[in-house]
Amino acid sequence: MADATVPTRRPLVVVANRLPVSQDDDGTWQPSAGGLVTAMRPVIEEVGGAWIGWDGGATGVPDRVEGFNADLHPLPLSRAQIQGFYYGFSNRTLWPLFHDLIRTPVIERRWWRSYQEVNRRFAEEAARIEVGGEAPLFWIQDYHLMLAPEMIRALHPASPIGFFLHIPFPPPELFARLPWRKELLRGLLASDAVGFHTARYCDNFRRSVSRVIPGAEVDGDEIVLPEGRRVRTGAHPISIDAGEFSELAVDPETERELADLREQFAGRHVFLGVDRLDYTKGIRHRLEAIELLLERNPALRERFAFVQIAVPSRDDVKEYRDLRTSVETEVGRINGRFTEPGGDVPVHYLYRGIPKPQLAAYYRLADVMCVTPLKDGMNLVAKEFVTCQDAGEGAGVLLLSEFTGAALEFGADAVACNPFDVEGMSFLMETCLELEHADRRDRVGRMSARVRENDVYRWVADELSLIEEGAAARTPEGSGTRGT
Ligand code: GDG
């Protein structure tokens with residue numbers, strides 16, 4: 001854990017699409033394994049607080065779980081709200097629009113109404129929260145809840161409010177296509193601070209504000225609204241708990257899994273992909289590049305395996321079902337083309353999530369990790385890979401799309417690729433195999449050091465500091481103008 005102190009003494013209320021708990025097969029509830037929850041645990045341990053999230057259809061969510069010092073506020077949603085707010089506006093309108101229109105965003109007024117209605121429900125739940133005497137700090141997460149800051153502000157005028165966007169913020173020309181662009185920006189601008197992964201997304205947001213909100217001006221990192229209130233913006237790349245992944249990488253269970261995998265893939269160059277099955281992740285383009293690689297290099301075919309772990313995602317949405325069909329068709333085609341009788345298939349496709357020790361074993365096994373999204377806010381898989389490789393003294397190569405947030409952090413230590421250039425990507429796959437061992441090892445070491453320095457605890461600390469600073473400037477004693 002990087003050296004970061006907790007920058008707030010207030011109770012923390014996280015408002016996110018999902019709750020931070022999950023249920024085991026035996027029915028017991030525990031904190032979820034995701035990065036956001038891991039990062040928040042130590043902070044919440046110290047200051048206490050609450051977490052508001054959609055219950056995901058689960059019943060019997062407890063008020064609290066062991067090991068997580070926050071009251072849980074599960075929100076049930078109706079079937080119509082799940083369709084309109086979640087699958088509709090969040091995942092068929094905002095998701096493609098914010099990922100550079102890789103698919104065409106669908107504009108539906110009834111989804112927008114549902115989005116407003118559900119954001120209001122989150123805000124009303126926030127208004128009910130009682131966490132001791134001091135005004136809590138509200139931290140709202142991600143694109144599902146962009147209206148919530150304004151709605152919460154109306155109910156909690158004194159509280160610091162912050163928002164963090166986990167996906168890219170698009171350039172103003174693309175954002176302008178949304179009929180409700182002004183409403184979304186007004187929703188966000190009620191925050192004291194709005195955080196993004198990269199300076200580019202931050203800049204896109206500020207430029208959209210100055211185009212769309214009459215009288216709003218950009219002053220350095222701040223936005224000055226017509227009424228004089230200032231909103232901070234900041235670029236804080238999310239990360240992982242590097243210590244946890246370093247330990248996991250050499251855990252006895254991981255070592256056992258790794259020994260099995262090494263036996264199974266003996267004598268082969270292993271290429272790996274780990275993604276939610278999402279059209280932003282560039283899985284189709286990656287498969288096409290692999291096909292070209294094998295086509296050009298007959299001698300490689302017997303010494304090659306590509307493992308794609310594809311975690312099922314949003315399969316209620318047509319675009320995702322279509323993607324699954326096309327990926328599986330492509331896998332079948334490549335295997336049909338290059339498998340020899342009695343030989344192994346070149347593409348091993350797993351349509352499921354796997355347990356963490358097995359995931360860490362794959363990260364250690366891989367000679368080339370293919371992180372090739374067409375667009376990705378950050379991409380934590382890249383950070384997990386270099387951390388596990390380094391802990392296991394590996395020399396795996398990271399092939400990394402320049403359209404990920406992570407590319408900015410790793411610079412030339414990753415092999416940068418443009419996934420739209422499929423043929424170019426297939427040549428870079430060869431380059432990855434040609435790098436000297438010492439060079440590969442040095443690259444892994446440098447990338448892993450960067451993840452350690454900028455781990456997820458640093459991200460939380462930086463974000464909370466920005467929110468506290470923004471709120472301090474809004475109060476009468478602060479330097480800024482008093483706000484709403
Ligand atoms: C969004 C943004 C941003 C994957 N397969 C398995 C598994 N995973 C875990 C990985 C990683 C996480 O899922 C995926 O995180 P990513 O960052 O790669 O991608 P998104 O889900 O699209 O996340 C993204 C992120 O939010 C955070 O702000 O980086 O840009 O799109 O942690 O380890 N975990 C297990 N088994 C699997 O098979 N256990």
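Which residues are buried in H12? In this predicted model, the buried residues of H12 are Pro-357, Leu-359, Ala-360, Ala-361, Tyr-362, Tyr-363, Arg-364 and Leu-365. Helix H12 is thus described as mostly covered, with eight of its ten residues buried. The same helix, spanning 356–365, is one of the elements that give two or more residues to the shell around the ligand, and the ligand site is taken up next.

## The ligand site

The ligand is surrounded by 21 residues, and the closest are His-166, Ile-354, Asp-376, Met-378 and Glu-384. Sorted by class, this shell holds eleven nonpolar residues, together with five polar and five charged ones. Two domains take part: domain 1 (12–239 + 457–476) and domain 2 (242–453) each supply at least three residues to the shell.

Three polar contacts to oxygen atoms of the ligand are set out below.

| Protein residue | Part of the residue | Distance to a ligand oxygen atom |
|---|---|---|
| Arg-276 | polar side-chain atom | 2.9 Å |
| Gly-377 | polar backbone atom | 3.1 Å |
| Met-378 | polar backbone atom | 2.8 Å |

On its own the ligand has 740 Å² of accessible area, and the protein covers 79% of this. The elements that contribute two or more residues to the shell are strand S12 (269–276), strand S13 (304–311), helix H12 (356–365) and helix H13 (380–391). Met-378, listed among the closest residues, also makes one of the backbone contacts, at 2.8 Å from a ligand oxygen.

## Backbone residues with positive phi

Most residues other than glycine have a negative phi. Asn-379 departs from this pattern, with a positive phi near 100°. Asn-379 is located in the loop that runs between strand S15 (368–371) and H13. Its relative accessible area is 7%, and therefore Asn-379 is classed as buried.

Asp-100 also has a positive phi, near 55°. This residue is in the loop between helix H2 (79–98) and helix H3 (109–127). With a relative accessible area of 32%, Asp-100 is partly exposed.

## Cysteines

How many disulfides does the model contain? The count is zero. Cys-388 is not part of a disulfide, and the nearest cysteine sulfur, belonging to Cys-370, is 17 Å away. Cys-388 has 0% relative accessibility, so it counts as buried. Cys-432 is likewise in no disulfide; for Cys-432 the nearest cysteine sulfur is again that of Cys-370, at 7.3 Å. Because its relative accessibility is 2%, Cys-432 counts as buried. The cut-off for a disulfide is a pair of cysteine sulfur atoms within 2.5 Å, and the separations of 17 Å for Cys-388 and 7.3 Å for Cys-432 can be read against that value.

## Arginines in helices

Is Arg-443 buried or exposed? Arg-443 counts as buried because its relative accessibility is 16%, and buried means under 20%. The residue belongs to helix H16 (residues 437–453). A polar atom of the Arg-443 side chain lies 3.3 Å from the backbone oxygen of Asp-413.

Arg-324, in helix H11 (residues 318–338), is partly exposed, with a relative accessible area of 32%. From Arg-324 to Glu-468 the separation is 144 residues in sequence and 43 Å in space, C-alpha to C-alpha.

## Buried loop residues and long-range separations

Two further loop residues are described here together with a distance to another part of the chain. Trp-180 sits in the loop between helix H5 (172–175) and helix H6 (181–189). At 7% relative accessibility, Trp-180 is counted as buried. The C-alpha atom of Trp-180 is 38 Å from that of Thr-329, and the two residues are 149 residues apart along the chain.

Pro-20 is found in the loop between strand S1 (12–18) and strand S2 (21–23). Its relative accessibility is 0%, so Pro-20 counts as buried. Between the C-alpha atoms of Pro-20 and Ile-161 the separation is 20 Å, with these positions 141 residues apart along the chain.

Methods: Residues are numbered from 1 along each chain as its sequence is written. This is a predicted model: local features need pLDDT of at least 70, side-chain atom pairs count only at pLDDT 80 or more; totals for chains, interfaces and linings use all residues. Side-chain values use heavy atoms; hydrogens and water are left out. A residue is near a molecule or strand if one of its heavy atoms lies within 4 Å of it. A polar contact is a pair of N or O atoms within 3.5 Å; within protein, one must be able to donate a hydrogen and the other to accept it, and residues adjacent in sequence count only if both atoms are side-chain atoms. Accessible areas come from the Shrake-Rupley method with a 1.4 Å probe; for residues, only the protein chains shown count as cover. Helices (H or I, at least four residues) and strands (E, at least two) are DSSP runs, numbered from the N terminus. Ala, Val, Leu, Ile, Met, Phe, Trp, Tyr, Cys and Pro count as nonpolar, Asp, Glu, Lys and Arg as charged, and the others, Gly among them, as polar. Domain bounds come from an automatic or database domain assignment. Buried means under 20% relative accessible area, exposed over 50%, partly exposed in between (1.4 Å probe, protein chains only).
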